[in-house]
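Work through these exercises with the model open beside you. Try each task before you read its solution.

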Amino acid sequence: MPVLVASDLDRTLVYSAAALALTVPDGDAPRLLCVEVFEGRPLSYLTETAAGLLVELARATVFAPATTRTREQYRRISLPGPPPRYAICANGGHLLVDGVSDPDWHRAIASRLAGECAPLDEVRSHLRSTGDPRWVRKHRVAEDLFAYLVVERDRLPEGWIEDLSGWARPRGWSVSLQGRKVYVVPGPLTKSAALREIAHRSGADLTLAAGDSLLDADLLLAADRGWRPGHGELADEGWTAPGVDALPERGVMAGERILEELLRAARRR
C-alpha cells in the first residue's frame, strides 16, 4: 500500500530570501537551490540537501504539494524530482491530476461554498472598508475562491486581525496571517478534504503531512502523522495535537528537517 505525503510549500518546504532565517556565519551557510523564478528574478529556495531528500521522498511515496497558492503561482515552482501526480492548490479549491484541475472536484467545492458561506464579494467589500491604504499594499482574489491582502505587517493596527476574525467567523470564513499576507478563506475550503480524496484515489493507507500556518492545521489533523516547523502561525500559538511533532528548527533548515522526518517515517513503513 502506498504512503501519501501532503506538504505545504511556502515556509514549510520552500523559502523566500526574507524567510531563510540563516543564523550561521555566511561561510557556514548551506548551499541553496532556487526553485522559483518570478519576473526574471529568483524567489524561492530550499537547501541542496533538502532537494536530494525531496527527490528520494517523491520516488518512495505519493508526494502531493498542498498549497494556498493559485494554480498559476504553483506552476512557477519547479521542485526537484519527478513531477507530482497530484497537487492541492488554492487551499483545496483545485485538485490537480497530472497538472490539470479536476473539474468535478472544483465544481463540488464551489457548490459547497455557495451554500455554506457568505459571498466573496461581501468579504472583499469588508476588507476594502476596513483596510487602511497606509498599511495595505494590495487587494487580491485567488481563483474566485478567497481573498487576501498584502500588508506592511509592522503597521497592522493592534487587534485588527482579531476583529477581522470575529467578523468573518459567523459568516463561515477564517483568517490567517502568513508573512505579509492576510488570508480570508471560506471554512469548507480545506486542504484536508483534498488529502482524503487523494488517499482514496491512490489507495494510500498511511498519510503524512507538514505545514506551518493555521490553514495547515486541518491538514495535519487529517493525516496519520504530521510535522510543523518552529516558525509560523502554529508555532507562534504553541499549537500542537496528538500525532503532530513540533520541530525546533526555523527557516530553511526547518524544511530540511521536515523532509528528513517525512522520509524516515515513509521508509519505516
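Helices (H or I, at least four residues) and strands (E, at least two) are DSSP runs, numbered from the N terminus. The model is predicted.

**Exercise 1. A loop residue**

Task: Find the place of Asp-144, and decide whether Asp-144 is buried or exposed.

Solution.
- Step 1. Locate the two strands β9 (136-142) and β10 (146-151). Asp-144 sits in the loop that lies between β9 and β10.
- Step 2. Read the relative accessible area of Asp-144, which is 66%. Exposed means over 50%. Asp-144 is therefore exposed.
- Step 3. Now take Ala-60 as a reference point. Asp-144 and Ala-60 are 84 residues apart in sequence, and their C-alpha atoms are 35 Å apart in space.

**Exercise 2. The antiparallel sheet**

Task: Give the strand order of the open sheet of four strands, and find its edges.

Solution.
- Step 1. Strands of a sheet pair through backbone hydrogen bonds, either parallel or antiparallel. Here the order is β9-β10-β12-β11, and the pairing is antiparallel.
- Step 2. Look for strands with a single partner. These are β9 and β11 (173-178), so one side of each has no neighbour in the sheet.
- Step 3. Check the turn between neighbouring strands. Direction ignored, it averages 15 degrees.
- Step 4. Zoom in on one pair. β11 and β12 (residues 181-186) run antiparallel and are joined by six bridges. Within this pair, Gln-178 stands opposite Lys-181 of β12.
- Step 5. Add the helix. α4 packs on this sheet and touches β9, β10, β11 and β12. The direction of α4 makes about 20 degrees with that of β10.

**Exercise 3. The parallel sheet**

Task: Do the same for the open sheet of five strands.

Solution.
- Step 1. The order is β5-β1-β13-β14-β15, with parallel pairing.
- Step 2. The edges are β5 (62-65) and β15 (244-246), as each pairs on one side only.
- Step 3. From one strand to the next, the twist averages 15 degrees.
- Step 4. Take the pair of β1 (residues 3-7) and β5. Four bridges join them in the parallel sense. Ala-6 has Ala-64 in β5 as its bridge partner.
- Step 5. Place helix α6 (residues 191-202). It packs on the sheet, in touch with β1, β5 and β13 (206-210). The directions of α6 and β1 make about 155 degrees.

**Exercise 4. Two helix pairs**

Task: Say whether α4 and α5 are roughly parallel or roughly antiparallel, then do this for α1 and α9.

Solution.
- Step 1. Two packed helices are described by the angle between their axes and the distance between the axes.
- Step 2. Start with α4 (residues 120-130) and α5 (residues 160-168). Their axes come within 12 Å and cross at roughly 155 degrees. Angles over 145 degrees count as roughly antiparallel. So α4 is roughly antiparallel to α5. Their crossing is right-handed.
- Step 3. List the residues that meet. Glu-122, Val-123, His-126, Leu-127 and Thr-130 in α4 face Trp-160, Leu-164 and Trp-167 in α5. By class, this contact holds five nonpolar, two polar and one charged residues.
- Step 4. Turn to α1 (residues 48-60) and α9 (residues 252-268). They pack at about 25 degrees, and their axes are 9 Å apart. Angles under 35 degrees count as roughly parallel. Therefore α1 and α9 are roughly parallel. Their crossing is left-handed.
- Step 5. Sort this contact too. Leu-53 and Leu-57 are among the α1 residues, and Leu-259 and Arg-267 are among those of α9. The classes are seven nonpolar, one polar and four charged residues.

**Exercise 5. Positive phi**

Task: Which side of the exposure cut-offs do Ala-90 and Asp-98 fall on, buried or exposed?

Solution.
- Step 1. Ala-90 has a phi near 55 degrees, a positive value in a residue other than glycine. Asp-98 is not a glycine either, and its phi is positive at about 55 degrees.
- Step 2. Ala-90 lies in the loop between β6 (86-89) and β7 (94-97). Asp-98 lies in the loop between β7 and β8 (100-101).
- Step 3. Buried means under 20%, exposed over 50%. Ala-90 has 0% relative accessibility, so Ala-90 is buried. Asp-98 has 51%, so Asp-98 is exposed.

Key:
Residues numbered from 1 in each chain as written. Predicted model: local features only at pLDDT ≥ 70, side-chain atom pairs only at ≥ 80, totals over all residues. Heavy atoms only, no water. Pairing = 2+ DSSP bridges. Axes fitted to C-alpha atoms, helices over the stretch in contact; angles between N-to-C directions. Contact = heavy atoms within 4.5 Å. Parallel < 35°, antiparallel > 145°, perpendicular 65-115°, else oblique. Left-handed = near helix turned anticlockwise from the far one by under 90°. Nonpolar A, V, L, I, M, F, W, Y, C, P; charged D, E, K, R; others polar. Buried < 20%, exposed > 50% of the residue type's maximum accessible area, 1.4 Å probe, protein only.
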